[in-house]
Amino acid sequence: MKDPKRQRQLWYVIGGVLLIAFIAFGATSFKSNLTPYVSFGDAMSGHRQVQVAGELVRGSSSFVKGANELSFMIMNKHGEKMRVLYKGVKPGNFEDAKEIVVIGRYHNGAFYATQMLVKCPSKYQGLEKPGATSGS
Amino acid sequence: MSSRRSRGEVLKWILFVWIGVIIWAAFFYAPAAAGFKGQSSRIVFFHVPIAWVATLAFLVSCVASIRYLRTRSMADDVRAEVASSLGLLFAILATVTGSIFARIMWGSYWNWDPRETSITFLLLIYAAYFALRAAVADPERRASLAAVYSILAFVTVPFLVFVVPRIYWSLHPDTIINAQAKIKMGSRMFEVLMGSLVGFSGLFVWLYTVACRIERIRRRRQQEVL
């Protein structure tokens with residue numbers, strides 16, 4: 001018969017090693033796979049449909065009302081800019097948007113977005129004018 | 001025994017009133033936050049506590065699993081199973097509330113934002129826990145395999161819940177306790193959120209004790225049938 005105490009200790013060691021291996025595996029494999037947002041470079045070189053996130057460049061947007069065409073620039077962390085063209089209804093909170101995710105493909109010098117997601121500079125602070133909220 | 005039961009009864013009513021007050025406060029006491037579409041910021045008072053309860057439940061499952069491996073007592077296996085199931089339930093609720101918020105604020109129910117991807121991993125990991133349980137017939141073997149799995153599963157929770165949102169750029173609103181460890185929230189909203197966290201934690205404790213009792217009875221009856 002094996003000594004049950006030693007056997008138990010062995011299991012603790014095996015368990016511990018597995019746990020550490022699991023953490024290491026998790027940390028490395030999640031890193032590249034978790035984000036759907038690709039860089040400007042990847043978006044420009046590929047022809048697949050991708051998601052790109054960037055900061056909306058202030059004052060770069062123009063909207064052609066008849067054609068429902070929205071055009072604007074987004075900028076990444078390195079200050080590189082990319083022109084985005086979007087056909088469709090302008091999202092209601094576009095004017096307040098700080099950062100934008102565009103879904104579509106790049107060709108001929110511009111990113112043609114089929115969908116647009118908007119991130120607003122939301123803060124968990126009450127509105128400036130308390131009167132504005134009480135319109136329920 | 002009867003005094004314990006009546007104390008439980010009182011606590012249940014306190015919880016009931018507390019949650020009622022929180023729901024009222026979430027809509028009428030706290031103001032709507034700036035920068036959010038309409039009243040959509042109010043979901044924070046439910047979404048965040050729900051996510052917190054899911055994390056808490058997975059922690060309880062992990063602790064109960066460690067205890068099971070030491071004691072080999074089926075009562076600990078019951079605790080681990082019940083906590084995991086509640087964790088999964090609340091994780092699903094967090095996903096649903098998050099998705100609704102995403103539709104309103106970002107314009108899409110689902111776009112595989114890092115937050116959405118990480119919760120999907122979490123759901124799959126804990127769904128597999130129940131698949132594992134269902135696959136093993138022998139109760140003791142099932143209990144010990146499930147315990148080991150639950151401990152391993154919990155290793156991923158800090159990554160998926162706390163690390164991922166702080167590494168990747170996401171559409172998700174900034175976490176309330178952020179990298180600078182400053183609370184960025186209006187005082188009324190913060191009060192309601194804290195109250196809601198307490199309320200939801202109480203709700204978890206209640207659901208957990210009731211579900212553990214039911215599960216123990218269910219297992220006992222199953223044994224009697226055999």
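The bend at a residue is taken as the angle between two axes, one fitted to the seven residues ending there and the other to the seven starting there. By this criterion, in the predicted model described here, helix α5 of chain B contains a kink of about 30 degrees, centred on Leu160(B). The helix comprises 29 residues (residues 139-167), for which a rise of 1.5 Å a residue gives an expected span of 42 Å; the C-alpha atoms at its ends lie 41 Å apart, and the two values therefore agree.

Leu160(B), on which the kink is centred, also belongs to the buried residues of α5(B). Among the others are Ala143(B), Ala146(B), Ala147(B) and Ala153(B), together with Tyr149(B), Phe154(B), Val157(B), Val161(B) and Val164(B). The buried residues of this helix pack against three helices of chain B, namely α2 (44-71), α3 (74-105) and α4 (114-135).

Chain A contains two helices and six strands, and its elements follow the order α-α-β-β-β-β-β-β from the N terminus. Of its 136 residues, 21% count as buried. Among the contacts in chain A with a separation of 6 or more, 42% involve residues 24 or more positions apart.

The two chains meet at an interface in which 31 residues of chain A are in contact with 33 residues of chain B. On the side of chain A that touches chain B, at least two residues each are supplied by α1 (4-33), β1 (50-56) and β6 (110-119). By class, this side of chain A is made up of 18 nonpolar, nine polar and four charged residues.

Technical notes: Residues are numbered from 1 along each chain as its sequence is written. Chains are lettered from A and ligands numbered from 1 in the order in which they are written. This is a predicted model: local features need pLDDT of at least 70, side-chain atom pairs count only at pLDDT 80 or more; totals for chains, interfaces and linings use all residues. Two residues are in contact if their C-beta atoms, placed from the backbone, lie within 7 Å. Helices (H or I, at least four residues) and strands (E, at least two) are DSSP runs, numbered from the N terminus. Ala, Val, Leu, Ile, Met, Phe, Trp, Tyr, Cys and Pro count as nonpolar, Asp, Glu, Lys and Arg as charged, and the others, Gly among them, as polar. A residue is buried if 20 or more other C-beta atoms lie within 10 Å of its own, exposed if 12 or fewer, and partly exposed in between; C-beta atoms are placed from the backbone. The expected span of a helix is 1.5 Å times one less than its number of residues.
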